[in-house]
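Welcome to this guided tour! Open your viewer, get ready to select residues by number, and follow along stop by stop.

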Amino acid sequence: MKTFVTICVSAMLTALEMICGNMGLALGLPVYAAIYFGAAFGLSYGVCAAGIAGLLLDVAYDRTWLFSPLLYVGVMLFTCQTISRSVRQMPGSPLAAGGICGALLLCGVLARTYICRTALPGPDILSLAVFHISGGSIFMLAITAMFDAVNFRSDLPRFCRRDTGRNFSGGQLP
């Protein structure tokens, strides 16, 4: 079931990324799903989802240098490593993961723009930064809320850890 969910969601978000890319927006939507799958199901699911989505995008856009798979896998691994050390509860952890992911995707887009000598996909760097960081935070929060509900009903692992007990003084139970 985990493999089926990973493939279907990654395919839908890759198609949506291609539609947005044709309009001039480099959003990185498959990376957010890969982060979710990497945190919930395991890093192998996230790496496969990010790598295949990046590879499909670069092949579809006929790029000579495959930059997207490297960027997507790197961003996914760094973000999953960062959030694995935190207490994953709503809404703080998905907002932070989306912000980190958006900032790293922005750095990747700027690096690709500089290396390939292409046009900046936006009016200026500040508006791109605000768009990627705030949009990434909101999208990651939405995707986490939606998929945690689906995974709860399907008896699959979730992004947010709700099974940790707490005592009345606010500390963790042993």
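## First stop: Cys80 and the other cysteines

Select Cys80: with a relative accessibility of 6%, this residue counts as buried. Keep in mind as you look around that the model is predicted.

How many disulfides does the structure hold? The count is zero. Cys80 is in no disulfide, and the nearest cysteine sulfur, which belongs to Cys101, is 9.3 Å away. A disulfide is a covalent bond between the sulfur atoms of two cysteines. The cut-off for such a pair of sulfur atoms is within 2.5 Å, so the 9.3 Å between the sulfurs of Cys80 and Cys101 does not qualify.

Now select Cys107. Cys107 is partly exposed, and its relative accessible area is 49%.

## Zoom out: the whole chain

Switch to a cartoon view. Which secondary structure elements do you find here? The chain has six helices and zero strands. If you trace the sequence from its start, you read the pattern α-α-α-α-α-α.

Next, try a surface view. The chain exposes about 9400 Å², with carbon and sulfur atoms supplying 70% of that area. Of its 174 residues, 40% count as buried. Among the contacts with a separation of 6 or more, 66% are between residues 24 or more positions apart.

## Into helix α4: Thr79

Select Thr79, which sits in helix α4. Is Thr79 buried or exposed? Thr79 is buried, and its relative accessible area is 0%.

Show the residues around Thr79. Leaving out neighbours within four places in sequence, you will find Thr79 in contact with Ile35, Ala97, Ile100, Cys101 and Leu104. Then look for Val75: its backbone oxygen lies 2.8 Å from a polar atom of the Thr79 side chain.

## Also in α4: Pro69

Stay in helix α4 and select Pro69. Pro69 is buried, with 14% relative accessible area. Which residues does Pro69 touch, not counting those up to four places away in sequence? They are Gly51, Gly54, Leu55 and Asp58.

Try a distance label on one of these pairs. The C-alpha atoms of Pro69 and Asp58 are separated by 8.0 Å, and the two residues are eleven apart along the chain.

## Out to a loop: Trp65 and Asp62

Select Trp65, in the loop between α3 (43-60) and α4 (68-84). Trp65 is partly exposed, at 46% relative accessible area. Now add Leu70, Tyr114 and Ile115 to your selection: with Trp65, they form a nonpolar patch on the surface. Together the four have about 510 Å² of accessible area.

In the loop between α3 and α4 you can also pick out Asp62. Asp62 is exposed, with a relative accessible area of 66%. What is notable about its backbone? Asp62 has a positive phi of about 55° although it is not a glycine. Most residues other than glycine have a negative phi.

## Last stop: Asp155

Finish by selecting Asp155, in the segment after α6 (125-154). Asp155 also has a positive phi, of about 60°, without being a glycine. How does Asp155 count, buried or exposed? At 72% relative accessibility, Asp155 counts as exposed.

Methods
Residues numbered from 1 in each chain as written. Predicted model: local features only at pLDDT ≥ 70, side-chain atom pairs only at ≥ 80, totals over all residues. Heavy atoms only, no water. Patch = residues over 30% accessible without salt bridge, like charges linked within 9 Å, V, L, I, M, F, W, Y side chains within 5 Å. Areas by Shrake-Rupley, 256 points an atom, 1.4 Å probe, with all protein chains shown as cover. Salt bridge = Lys/Arg side-chain N within 4 Å of Asp/Glu carboxyl O. Helix = DSSP H or I, 4+ residues; strand = E, 2+ residues; numbered from the N terminus. Buried < 20%, exposed > 50% of the residue type's maximum accessible area, 1.4 Å probe, protein only. Polar contact = N/O pair within 3.5 Å; in protein donor to acceptor, adjacent residues only side chain to side chain. Contact = heavy atoms within 4.5 Å.
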